[in-house]
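User: Please take a close look at one helix in this model. I want its geometry, its cover and its charged contacts.

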Amino acid sequence: MTRLELLSNGEIPEQYHYLFTDDYLGDRHIFRVWAHNPELLEATLEYLETLYEQLTPRTKELVILTVARARGARYEWHQHVDIARDKGVGTAEMRAIGGDDYSGFDDEEFVLLQYAGAVATGEVTDQIHAALAGAYSPGEIVAVGLLVDFYVGLCNYVAAVDLPFEGGEFVGWTPDDETIDSLFA
């Protein structure tokens, strides 16, 4: 059970109800917890929207999945397996990230995943950074680093409030299509 109550729309000031529509956030537990401070929820979402605009949707999801795996963050992994499917990340690619095997990715994504994992664990070397700088612009490197930083913090926060999964059981680090379809139909 979560350490902070998941608020319902009736418990959230009306001016913030728009955040919880299917067209905006939907009904994810993390946002129901953040609704205890709707001003911060709204500001955080604005920051994330700006950050997300800096990277392609696929790149963003690859980074988030890598961070979730590097941090052992089951909630974030579970959420983003569902989200990543719609952003061009295939099940085989998710399985590879979940199994810490980036060998099937092209050179540009391979170095991106290495870098994201290294930032998430605090183990960036000059070699990893130089490889990333060979494939991405300085602005993209800043965006990737800030995205990793945000999700490392989010993974820690989710663990601190003991947030449960939506839809029941954990999808697993190396999910198959049948499991994904059954959990996120």
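Analyst: What follows starts with helix α3 and then moves to the salt bridges and a few other sites.

This is a predicted model, in which local features need pLDDT of at least 70, side-chain atom pairs count only at pLDDT 80 or more, and totals for chains, interfaces and linings use all residues. Residues are numbered from 1 along each chain as its sequence is written, and side-chain values use heavy atoms, with hydrogens and water left out.

Helices here are DSSP runs (H or I, at least four residues), numbered from the N terminus. Helix α3 covers residues 57-71. It has 15 residues and spans 21 Å from its first C-alpha to its last. That is close to the expected 21 Å, where the expected span is 1.5 Å times one less than the number of residues. After α3 comes G72, with a positive phi near 65°.

Cover is next. Buried means under 20% relative accessible area, exposed means over 50%, and partly exposed lies in between (1.4 Å probe, protein chains only). On that scale α3 is mostly covered, with 11 of its 15 residues buried. They are R58, T59, K60, E61, L62, V63, I64, L65, T66, V67 and A68. The cover includes α2 (38-52), α4, α5, α6 and α8 (138-161), with contact taken as heavy atoms within 4.5 Å.

Now the charges. Side chains of opposite charge can pair when their charged atoms come close. A salt bridge is a side-chain nitrogen of Lys or Arg within 4 Å of a carboxyl oxygen of Asp or Glu. By this rule the count is seven salt bridges.

R58 pairs with E109 at 2.7 Å, N to O. This pair links distant parts of the chain: R58 sits in α3 and E109 in helix α6 (residues 107-121), 51 residues apart. R58 is buried, at 18% relative accessible area. E109 is buried too, at 13%.

R69 pairs with D100, with the closest N and O atoms 4.0 Å apart. Here α3 is linked to the loop between α5 (91-98) and α6, where D100 lies, 31 residues from R69. R69 counts as partly exposed because its relative accessible area is 22%. D100 is partly exposed at 49%.

Away from α3, R28 and D82 form a salt bridge, with the closest N and O atoms 3.6 Å apart. R28 lies in the segment before α1 (29-34), and D82 lies in helix α4 (residues 74-85), 54 residues apart. R28 is partly exposed at 22%, whereas D82 is buried at 15%. Both belong to a salt-bridge network that links R28, D82, R85 and D181.

Two further sites remain. D177 is in helix α9 (residues 177-183). It is partly exposed, with a relative accessible area of 41%. D177 and G153 are 24 residues apart in sequence and 29 Å apart in space, C-alpha to C-alpha.

Y47, V142 and L146 make a nonpolar surface patch of about 260 Å². Patches use residues with over 30% relative accessible area and no salt bridge, joining like charges within 9 Å and nonpolar side chains (Val, Leu, Ile, Met, Phe, Trp, Tyr) within 5 Å. Areas come from the Shrake-Rupley method with a 1.4 Å probe; for residues, only the protein chains shown count as cover. L146 lies in helix α8 and is partly exposed at 36%.

How values were computed: Helices (H or I, at least four residues) and strands (E, at least two) are DSSP runs, numbered from the N terminus.
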